[in-house]
Each structure stands twice: as C-alpha cells, then as structure tokens.
Amino acid sequence: MSPPNARCLTSLMALACSLALGACVTSMPPPVDVVIKGGTVYDGSEHAPFVGDIAIAGDRIAYVGPPKPIAAERVIEAAGMIVAPGFIDPHTHADIFLRSDDPADRVNAAWLAQGASTVVIGVDGGGTPDVAEDARMLASSGIGTNVVPFVGFGAVRSRVLGNAARAPAVAELAKMKELVAGAMCAGATGFSTGLFYAPQSFATTEEVIAVAREAGRRGGLYDTHQRDESSYTIGLMASTREAIRIGEEAGAPVHIAHIKALGVDVHGQAPELVALIDAARARGIPVTADQYPWLASGSSLDASLLPRWSVDGGGDAFLARLAEPDTAARIRSEMEENLRRRGGATSLLLTAPDRPWTGRTLAEQAAAQETDPIEAALAIITQVFREGGRGTEVASFNMARDDVELLMRQPWVVTSSDGSLGHPRMFATYPEKYETFVRERGTIDLARFIRQSTGQVADIYGIAERGYLKQGYFADVLVFDPANFGPRATYLEPRELSVGVEALFVNGRSAVEDSSVTGEAAGRVLLRPEPEDCP
C-alpha cells in the first residue's frame, strides 16, 4: 500500500485509496479556468497555424497544443474561430481613457473591442519622466489593458526649458539626461521623441543624441515620430537618416513610429525609404517601424498648417505674433504652402467632437464662412487657443495607397493605431487592416497580420512573456470570428466599437465576450526590470 499522503497518479489508485480508508490522499490536478477548444491557433510566431486547444489557469497559459480532454470551469467552443495572442499596440494615445476620472473609460474599450490587450503609451515625446509614480497611479485606478510606458523627450525638455526655442545650457542638458536615466531605472521601455512638434522640433540632432544615450546605455529603445515625414523642413529621407543616426550614436535600437510618405511632394518615395532602412539594417543597425492601415493621418490644424517657429512659446505667443501684420503675413504664406503639401483644403476633414465645424472639410468650412481656407483655419485655431482646450483635430488624407501597401509588406514593419480622438484608428485599426488589407486586397496574409500585431511587437519592445501563445506565458488570449471581425468606426463617426471579437482574456480575466466589453479592469503596468546602470 502506498505510504500516507503519497500522490495518487490515476483515478483507479484514487478509488483504491478511498476504499482503504484514506491510506493516501489524492491530489489530482485541479481543473483549469478556461479551455478554448478546437480553434485555428496562430501562436504569434512564424510557425504554421494548427487546430488545437488553449487552457488558461489563473493569469497564465496552462496548455497549448492538439485537442485533448482537459477539465475546465468554462469551455469556449472555438471551431472556425481564430485564436491568437492579444494584440499589442506599439503606438497609442490611450491616455485619454486610461487617465479618465470615469472607471468605465479606464477599461479602454476602444482597444479591447478590436482585440488589443496591451498598449504602449508615452509616445511622440509625451511620456512623463515620473514613471514609477505614474505606474502606481495607473495600477491603483484600475485599467482594462496592459500598459507599456515610455519616457518622452517633449515632457523632459519642457520640464527643463519650457517651450523655448534654444539650446540647453550645460546644466540644463545634464538635468534632462538625469530625468531620462531616472525614468529608465524606474522601468520605462525606452525614450520617445516627436521631433515634428514644438518644442521638440527646436532641438538639434546632437541634443537628442545626448539625451537618448541615457536610454541606450540602459537597454532602451529609441522610438520616434521623426522630424519630417514629408517636405516640411529637412525632408523625409534626411529625417529618416537623422533618426537612424540618433539611434546608432545613442546605442539604442531605432523604431520609426507610424512610418509613411506624407503629402504630395513625397508620394512614391516609399521604395527609396525602404532601401534606406534596409541598408541601415544590413550595416547591423537595428531599425524597425510601425504603421497604421489608413490613408489619412490624424493630426490638428495647428500641427498640419502652422510653421513651427510661429508657436515658439506656446499658444499665447502665437496669438501675439498673429497680431503683428508683417509676421501674420509670413504665417499665412507658410500656411498656404503647408496646405498645398497636405493636398489642399479638401484633404483636411475637421473631426474635433461637438464643434460647429465637425464633419466638414476645411474647404467646406471656408465656404460656410465665406472666406478662404487659411482664414477659416486661423479662425478655428485662434478660438481654440484662446479657450485653452481641444478642437483643432483633423483627419488629413495625405498618403498614397501604393506607398502604404509597400511599407506594410516589409518584414520590419508592425501594426500600430496611433489611436487618437477624431480618427477611426483609435477604435478600428486592427479590424480595418484585416478587412481591407488581408481579406479584400490580399496585401498580406492572415499569418503575417497576426505576427505583425503580436509576437513581433513583443520582440521589438522587449515585452516579456507576452505576444505568444506559449505554456507559462501570461494569458492574453484573443478569439475572433474571421467572417465578422471588422470595423464600425468611420471618419464621421470615429468612436464606434469594432465587432467580431468572440473572446479576449487579459491576464487570464475575461475582457470581451461576444463582441461586448465586460468591464473587467484586468490590465497591468508592464515595467522593465531595473537595468544594471542605475543608482
């Protein structure tokens, strides 16, 4: 007879032990929480899909493999469904929801409903250097998606120099470097910039390199909304060379955010852009990019049309310059050129919510005001600047489909939303890419779509134990219906939730069921382990 408390390995032994008045104690494996049965599994890697089962126990994946009997509290019959890791969005502006006072907003339904379980924040240079404090706030408030934070050049530079268009003094540069180092030691994934935007645009390449080195020496990524995606200042190619140089000299992998050829002057330059990046990669420089699957970018009238020098010092300084006749004439002249670059007044759709101009093109707004497009734009910009709020948002139709598709096919490009209010990409990027570029146009296949949205993103950003369906990894698991997964948001109604997600688990907890967000706040702040080079 087995010794007391020995493990019983079969049900027959368990029965024998029971009949023997408890001579041994059974310890059969308990049932798992969830089994997803019979779905077509894409595990986030480049491996071929297979029909199989996924088991979830607690916050971890307990089994991935061929169908087999597994006792579970809940069974999801997934025959005909796609089972994949939860999508990881590497470039978002989800803060508007995650930092809301309303717990329902913090669930981040816009991303959950399209299958995203993890979002990267602090992009375009906006990430606070107070990473530890911010992580505690987000975690304690309850969030629906996982969050990966970046420290941003804009936040750092503004804290030290304000909005000044000047070089930092020695002590100021040292302070910026100290802030970035502290943020990296607190768990930031990397250092982001938005060199297109003031006041970051006032920085020289050398200044950016000096600050970025603090991230590079601690294993961080250099993520950039580069200085020029068009022909505004130094041009798309020179800007991309600058981004590569910054990463190379800072000792950080380079990641180009929302890569594109923006505006009529650079349409057709995607092949040259690809060749430039391929050449850098061939030299051993790690360069990657993300891309959203839309022909319109999301921006604002001020960012799209105003010259950078005109907003040196912020909105009040701009309004003062506009009151000076000679300066105002120069502003208007440069705005006309910027509008031409963007494709004219019919290419800018005004998308700020709940404004009299919402849903009109700039051309239509000008006609309604019986004025020209520049004056119509200035009327909106000056009103919003005086109010101190939002209201200048636009969808800017400025990309060529051939460029978008060529970039999408590159092996170093992953999917992102750049999700921001007033553009459907916040609510519908992943289903839009699937519906338009996988099902309708066949630009990429389903396996590549899933790889670009899961494991490859985790690899680039160093997100541990996520992005793949592997036993022992965190249970961020997506089930979607390949026949019904699709967008509902449009440019005129950009806040409609997507459909077709049958189930989404975030850290093992049910976040979406039958295309309905459950309200579960299962997200976590994903901080990197402390680097070696920290105090």
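These exercises work through sheets, buried residues, a helix pair and nonpolar cores in a predicted model.

Residues are numbered from 1 along each chain as its sequence is written, and side-chain values use heavy atoms, with hydrogens and water left out. Because the model is predicted, local features need pLDDT of at least 70 and side-chain atom pairs count only at pLDDT 80 or more, while totals for chains, interfaces and linings use all residues.

**Exercise 1. Lay out the sheet that contains β7, then place T118 in it.**

Step 1. Fix the terms. Strands (E, at least two residues) and helices (H or I, at least four) are DSSP runs, numbered from the N terminus. Two strands pair if DSSP finds at least two bridges between them.

Step 2. Order the strands. The sheet is open, has 3 strands and runs β6-β7-β8, with parallel pairing. β6 (87–89) and β8 are the edge strands, each pairing on one side only. On average, neighbouring strands are turned by 20 degrees against each other, direction ignored. Axes here are lines fitted to C-alpha atoms, for helices over the stretch in contact; angles run from 0 to 180 degrees between N-to-C directions.

Step 3. Check the β7–β8 register. The two strands share 4 bridges in the parallel sense. V119 has V147 as its bridge partner in β8. V120 stands opposite V148.

Step 4. Look at the faces of β8 (residues 146–149). N146 and V148 point one way, V147 and P149 the other way, and all are buried. Buried means under 20% relative accessible area, exposed over 50%, and partly exposed in between (1.4 Å probe, protein chains only).

Step 5. Place T118. This residue is in β7 (residues 116–121). T118 has 0% relative accessibility, so T118 counts as buried. Contact means heavy atoms within 4.5 Å. Beyond neighbours within four places in sequence, T118 touches F87, I88, D89, N146, V148, D476 and L526.

**Exercise 2. Find the edges of the sheet that holds β11, and decide how covered β11 is.**

Step 1. Read the order. This open sheet has 6 strands, β9-β10-β11-β12-β13-β17, with parallel pairing. Its edge strands are β9 (151–152) and β17 (413–415), each pairing on one side only.

Step 2. Zoom in on one pair. β10 (residues 190–194) and β11 (residues 221–225) pair in the parallel sense over 5 bridges. F191 has Y222 as its bridge partner. S192 is matched with D223 as its bridge partner in β11.

Step 3. Judge the cover. β11 is mostly covered, with 5 of its 5 residues buried. L221, D223 and H225 point one way; Y222 and T224 point the other way.

**Exercise 3. Decide how α13 and α15 cross, and list the contact residues.**

Step 1. Take the geometry. The axes of α13 (residues 325–342) and α15 (residues 373–387) come within 10 Å and cross at roughly 105 degrees.

Step 2. Apply the classes. Under 35 degrees counts as roughly parallel, over 145 as roughly antiparallel, 65 to 115 as roughly perpendicular, and the rest as oblique. The two helices α13 and α15 are therefore roughly perpendicular.

Step 3. List the contact. α13 supplies R332, M335, E336 and L339, and α15 supplies P373, I374, E375, A377 and L378.

**Exercise 4. Is E207 buried or exposed, and what does it touch?**

Step 1. Locate E207: helix α8 (residues 205–216).

Step 2. Read the accessibility. E207 has a relative accessible area of 6%, so E207 is buried.

Step 3. List the contacts. Leaving aside neighbours within four places in sequence, E207 meets F153, R157, A167, P168, L173 and M176.

**Exercise 5. Describe the largest nonpolar core and the contacts of L446.**

Step 1. Define the core. A nonpolar core is a set of buried Ala, Val, Leu, Ile, Met, Phe, Trp, Tyr and Cys residues joined through side-chain atoms within 4.5 Å.

Step 2. Find its hubs. Of 46 residues, F87, L98, W111, L446, F449, F480 and F485 touch the most other members. Helix α17 (residues 425–440) gives the largest share, 7 residues.

Step 3. Follow L446. Outside four places in sequence, L446 contacts Y42, I82, Y434, V438 and F480.

Step 4. Note the other core. Another core, of 43 residues, lies apart from it; A252, V274, L276 and I277 are among them.
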